[in-house]
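The following paragraphs go through a protein model, from backbone details to the sheet, the helices and the core.

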Amino acid sequence: MAGWFDSHCHVQEGFLGEEGAEEAVVAVLARAEAAGVNRLVCIGTDPTTSAQALAVARSTAAAAAGGGPRAWASVGLHPHEASEGVDEVAALLERELVAGDGAVVAVGECGLDYYYEHSPRDAQRRAFAAQIALAHAHGLALVIHARDAWDDLFDVLEAEGVPERTVLHCFTGGVAEVERCLDAGMYVSFSGIVTFKNAADVRAAAARCPLDRLLVETDSPFLAPVPHRGRTNEPAYLPLVGAAVAEVKGCRPDDVMERSAAAASLVFATGGV
């Protein structure tokens with residue numbers, strides 16, 4: 001299927017829970033489709049947002065059969081919420097997998113965030129390790145969040161084993177960090193940060209990352225790319241991220257679209273959909 005694949009967004013966090021939420025989600029997805037974005041993964045960050053992501057994913061299944069955009073979901077616990085423990089997320093994941101409808105494609109986002117440190121570091125490491133184990137146990141992709149915690153991140157991954165299909169989302173490092181990700185067999189996803197003036201290191205990393213290991217994402221409603229920086233982000237802006245990646249790689253945006261979508265389809269095991 002031709003078109004852009006937004007590998008990481010939080011449509012449910014930006015639009016669900018508000019009055020007229022269903023209509024807002026429909027409108028966001030329609031704008032995405034008009035922009036050429038026809039596949040996306042809605043990412044859970046706790047039990048509530050994970051359940052909401054699943055609701056968005058399932059709402060698109062029938063529409064996609066008629067040519068509309070298709071969403072899938074991840075179930076996970078963000079490092080900010082690590083103190084809550086992963087039991088509820090694990091139970092939700094196991095219940096939803098019983099449905100067997102393919103809505104769940106990943107565990108996460110999970111990982112380590114030492115910049116904000118909303119949960120203690122030891123709690124973050126425990127929650128991260130537990131979710132790596134869930135990805136291994138269920139044969140799912142793993143979606144990782146990492147900020148200011150590279151050494152501990154790779155220590156936990158080495159101890160637990162890197163799942164075969166692992167994504168480091170919203171990459172914020174430089175060439176050295178992207179090399180570590182690639183050496184570990186991971187895929188690397190670039191967000192609107194690649195368009196920011198002060199993100200030369202991220203652009204250098206994007207230039208280094210091979211297209212068959214590179215994904216693109218919006219992380220919407222956060223991190224809107226230039227020229228929308230500071231506004232609410234949405235999947236319709238993904239082509240701007242792809243164009244910025246194409247510029248630093250010296251290729252056509254269509255090349256980034258096709259190769260990153262193919263990589264995302266492999267990571268999330270969505271097949272030809």
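Glu 117 is found in the loop between E4 and H5. The model is a predicted one, and in it Glu 117 has a positive phi of about 55 degrees although it is not a glycine. With a relative accessible area of 35%, Glu 117 is partly exposed, because the buried class ends at 20% and the exposed class begins over 50%. A second residue of this kind is Leu 223, a residue other than glycine whose phi is positive, near 55 degrees. Leu 223 is found in the loop between E8 and H9, and its relative accessibility of 29% makes it partly exposed. Most residues other than glycine have a negative phi, and most peptide bonds are trans.

The peptide bonds also show departures from trans. Ser 220 and Pro 221 are joined by a cis peptide bond with omega about 15 degrees; Pro 221 lies in the loop between E8 and helix H9 (238-249). Another cis bond runs from Gly 108 to Glu 109, with omega near 20 degrees. Glu 109 is in a strand, E4.

The strands come next. Eight of them, in the order E1-E2-E3-E4-E5-E6-E7-E8, form an open sheet with parallel pairing. Its edges are strand E1 (4-9) and strand E8 (214-216), each of which pairs on one side only. On average, neighbouring strands in this sheet are turned by 30 degrees against each other, direction ignored.

Strand E3 can be followed residue by residue. Strand E2 (residues 37-42) pairs with strand E3 (residues 70-75) in the parallel sense over 4 bridges. Val 41 stands opposite Trp 72 in E3, and Cys 42 has Ala 73 of E3 as its bridge partner. E3 also pairs with E4, again in the parallel sense, over 3 bridges; here the bridge partner of Ser 74 is Ala 106 in E4. How many residues of E3 are buried? The count is 6 of the 6, so E3 is largely enclosed by the rest of the structure. Arg 70, Trp 72 and Ser 74 point one way from E3, while Ala 71, Ala 73 and Val 75 point the other way. In a regular strand the side chains alternate between the two faces of the sheet.

Two residues of E3, Arg 70 and Ala 71, reappear in the surroundings of Thr 60, which touches Leu 29, Pro 69, Arg 70 and Ala 71, not counting residues up to four places away in sequence. Thr 60 has its place in helix H3 (residues 47-65). Its relative accessibility is 3%, so Thr 60 counts as buried, the limit being under 20%. A polar atom of the Thr 60 side chain lies 2.8 Å from the backbone oxygen of Ala 57.

Helix H5 has 18 residues, which at 1.5 Å a residue should span 26 Å; its end C-alpha atoms are 26 Å apart, which agrees. The buried residues of H5 are Ala 123, Gln 124, Ala 127, Phe 128, Ala 129, Gln 131, Ile 132, Leu 134 and Ala 135. They pack against helix H4 (87-99), E4, E5 and H6. H5 is followed by Gly 139, whose phi is positive, near 65 degrees. Helix H6 (residues 150-160), one of the elements packed against H5, lies across strand E4 (104-113), strand E5 (141-147) and strand E6 (166-168), and runs at about 155 degrees to E5.

Which residues touch the most other members of the largest nonpolar core? They are Phe 128, Leu 153, Leu 168, Phe 171 and Phe 190, out of 74 residues in that core. Helix H5 (residues 121-138) supplies the largest share, 7 residues. Apart from this core lies another one of 16 residues, including Phe 5, Ile 43, Ala 261 and Ala 263. In soluble globular proteins, nonpolar side chains tend to be buried together.

Phe 128, a buried residue of H5, gives a view of the contacts inside the largest core. Leaving aside residues up to four places away in sequence, Phe 128 touches Cys 110, Gly 111, Leu 112, Leu 142, Ile 144, Leu 153, Val 156 and Leu 157. Among these contacts, Leu 153 is another of the residues that touch the most other core members.

Terms used:
Residues are numbered from 1 along each chain as its sequence is written. This is a predicted model: local features need pLDDT of at least 70, side-chain atom pairs count only at pLDDT 80 or more; totals for chains, interfaces and linings use all residues. Side-chain values use heavy atoms; hydrogens and water are left out. A nonpolar core is a set of buried Ala, Val, Leu, Ile, Met, Phe, Trp, Tyr and Cys residues joined through side-chain atoms within 4.5 Å. Buried means under 20% relative accessible area, exposed over 50%, partly exposed in between (1.4 Å probe, protein chains only). Helices (H or I, at least four residues) and strands (E, at least two) are DSSP runs, numbered from the N terminus. Contact means heavy atoms within 4.5 Å. Two strands pair if DSSP finds at least two bridges between them. Axes are lines fitted to C-alpha atoms, for helices over the stretch in contact, and angles run from 0 to 180 degrees between N-to-C directions. A polar contact is a pair of N or O atoms within 3.5 Å; within protein, one must be able to donate a hydrogen and the other to accept it, and residues adjacent in sequence count only if both atoms are side-chain atoms. The expected span of a helix is 1.5 Å times one less than its number of residues.
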